[in-house]
Each structure stands twice: as structure tokens, then as C-alpha cells.
Amino acid sequence: MDAPLHPPGGPRVLPLPPQAPRVPPNPFTRWIGRTVLRLGGWRMVGAFPDLPKVVLIGAPHSTNWDGIWGFAAKMALGLDIKILGKDSLFRVPVLGALLRRFGVIPVDRSAAHGVVEQAADMIMAADRLWFGLAPEGTRRLVERWKPGFWKIARAAGVPVLPAYFHYPDKVIGIGPPFELTDDMDADLARIRDWYRPWQGKYHGTP
């Protein structure tokens, strides 16, 4: 059996730096998040950068369980991460309010001002905003990531913050932020190489 990549022990959640965006304090939701992580046996490693704006990506994404552990960590931390959702979902009674509560923002995919531009404009207009998405765009194993996260971060002038799910050790990890260049392909290859040690529930990063 292979040795774990992460030594056992460590905090259930990481401390948030001063500039990280936060949701209003709610001890009950933070308790729920920490309880879900504890019952699942999950913990966090790494460190959050003290930055007001980032594009946060999560990989490998191979199961819906990633969303459960990710949302549990978000609740446990009290971290405010925004993600985009179809605007049609927000017209469903109750669902729209629930989505907004979890940091989902409606986006009009048919608008002439495209999704990348809408997301970049939202980041630039905010004082503090961490924007999250899955670069694979699917739970299936893919050879190429969707470049939307790179385009959003580049347009907004913010770094990419990598987070990963490593199922063998039940760890949610936070890596160092990547500053982007003008070379999208080189940046994507550099970030994917960083992800290769981490193994999702059903696959890693090829």
C-alpha cells in the first residue's frame, strides 16, 4: 500500500487571512460544516493566500461528493466563494433564494456580453471576491481542461488559486496561487502538472 502523501493529523479547517472574503458570522452553519467534515474524516492542508480577489479552481472533479465536501469546507470556514449558475434556476421558487445563500450568482448564457466577460466584470467591480469553478467542466476524465477559468482570471487581472480533493488521504488541499502570463497553453500545462499527484474518488489528472 502506498504511503500517504499527507502526514496524518492537522486541522479540520484552515485559518482565513484578513483579506479573504467572509460570509456574515453564523456559528450554526460553521458547526454543520465542521461536523460534516469530521464525520466524513476530511481535513484541510496548505494555506490560504492573503488576497482579496482570486479565481479558485477545484480538481480532480470525479464525483458529486466533491460538492458536498467542498460546501462543507466553505461553511466550516465561513468563506464567501461565488460561483455562476444558470439564470433560469433563479426563477424557481425557493431554489433561487437557496442558491444565492450558497454564493451562486445568476448568469445569462445567451447574453451578448459573454460568461467570461460577466464574471471578469463582477470580480473587477468588487472590493473582495473569490470566484470558484471546476476547470474540467465535468466529472468524467478529460484530456483537456476548459480554459474559461484562465480567461476569467486573465481578464480580471487576478491569480488562480488551486484547491484539490485527494481521496486516498481524505484531504482538501490549498496550493500556492498561480500568476498568469500571456501564454494560455503554457499556464494550463503548468497548473495541470501541479495537480498530477492528487487523486479524486475515481480519477486523477492525466
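Helices are DSSP runs of at least four residues, numbered from the N terminus. In this predicted model, the protein chain holds 6 helices and 7 strands. Along the sequence they follow the pattern α-β-β-α-β-α-β-α-β-α-β-β-α.

The chain has 206 residues, and 46% of them count as buried. Its exposed surface is about 10,800 Å². Carbon and sulfur atoms supply 60% of that surface. Contacts with a separation of 6 or more were also examined in the protein chain. Of these, 74% join residues 24 or more positions apart.

Aromatic rings were considered next. A pair of aromatic rings is described by the distance of the centres and the angle of the planes. A search of the whole structure gives 12 aromatic pairs. One of them is formed by Trp65 and Trp69. Their ring centres are 5.4 Å apart, and their planes meet at 20°. Planes under 30 degrees apart count as stacked, so the pair of Trp65 and Trp69 is stacked. Both residues belong to helix H2. They are 4 residues apart there, so about one helical turn separates them. Their exposure was also computed. Trp65 is partly exposed, with a relative accessible area of 42%. Trp69 has a relative accessible area of 10% and is buried.

Tyr164 and Trp194 form an edge-to-face pair. Their centres lie 5.7 Å from each other, with 65° between the planes. This pair links distant parts of the chain. Tyr164 sits in strand S6 (residues 160-166), whereas Trp194 sits in helix H6 (residues 184-195). The two are 30 residues apart. Tyr164 counts as buried, because its relative accessibility is 4% and buried means under 20%. Trp194, at 22% relative accessibility, counts as partly exposed. Both residues belong to a cluster linked by ring pairs. The other members of this cluster are Trp145, Phe149, Phe178, Tyr195 and Trp198.

Pockets were examined last. Rolling a probe the size of a water molecule over the atoms shows where empty space is left. The second largest pocket has a volume of about 390 Å³. It is lined by 15 residues. The closest to its centre are Val23, Pro24, Asn26, Thr29 and Arg101. Helix H1 (27-40) and helix H2 (65-77) are the elements that give two or more residues to this lining. H2 provides the largest share, with 3 residues. By type, the lining of the second largest pocket divides into 8 nonpolar, 3 polar and 4 charged residues.

Definitions and conventions:
Residues numbered from 1 in each chain as written. Predicted model: local features only at pLDDT ≥ 70, side-chain atom pairs only at ≥ 80, totals over all residues. Heavy atoms only, no water. Buried < 20%, exposed > 50% of the residue type's maximum accessible area, 1.4 Å probe, protein only. Contact = heavy atoms within 4.5 Å. Areas by Shrake-Rupley, 256 points an atom, 1.4 Å probe, with all protein chains shown as cover. 1 Å grid on protein atoms, 1.4 Å probe; cavity = no way out; pocket = protein on both sides within 12 Å on 5 of 7 lines; lining within 4 Å. Points joined across faces, edges and corners; volume = space filled by probe spheres on them. Nonpolar A, V, L, I, M, F, W, Y, C, P; charged D, E, K, R; others polar. Phe/Tyr/Trp six-rings, centres within 6.5 Å; stacked < 30°, edge-to-face > 60°.
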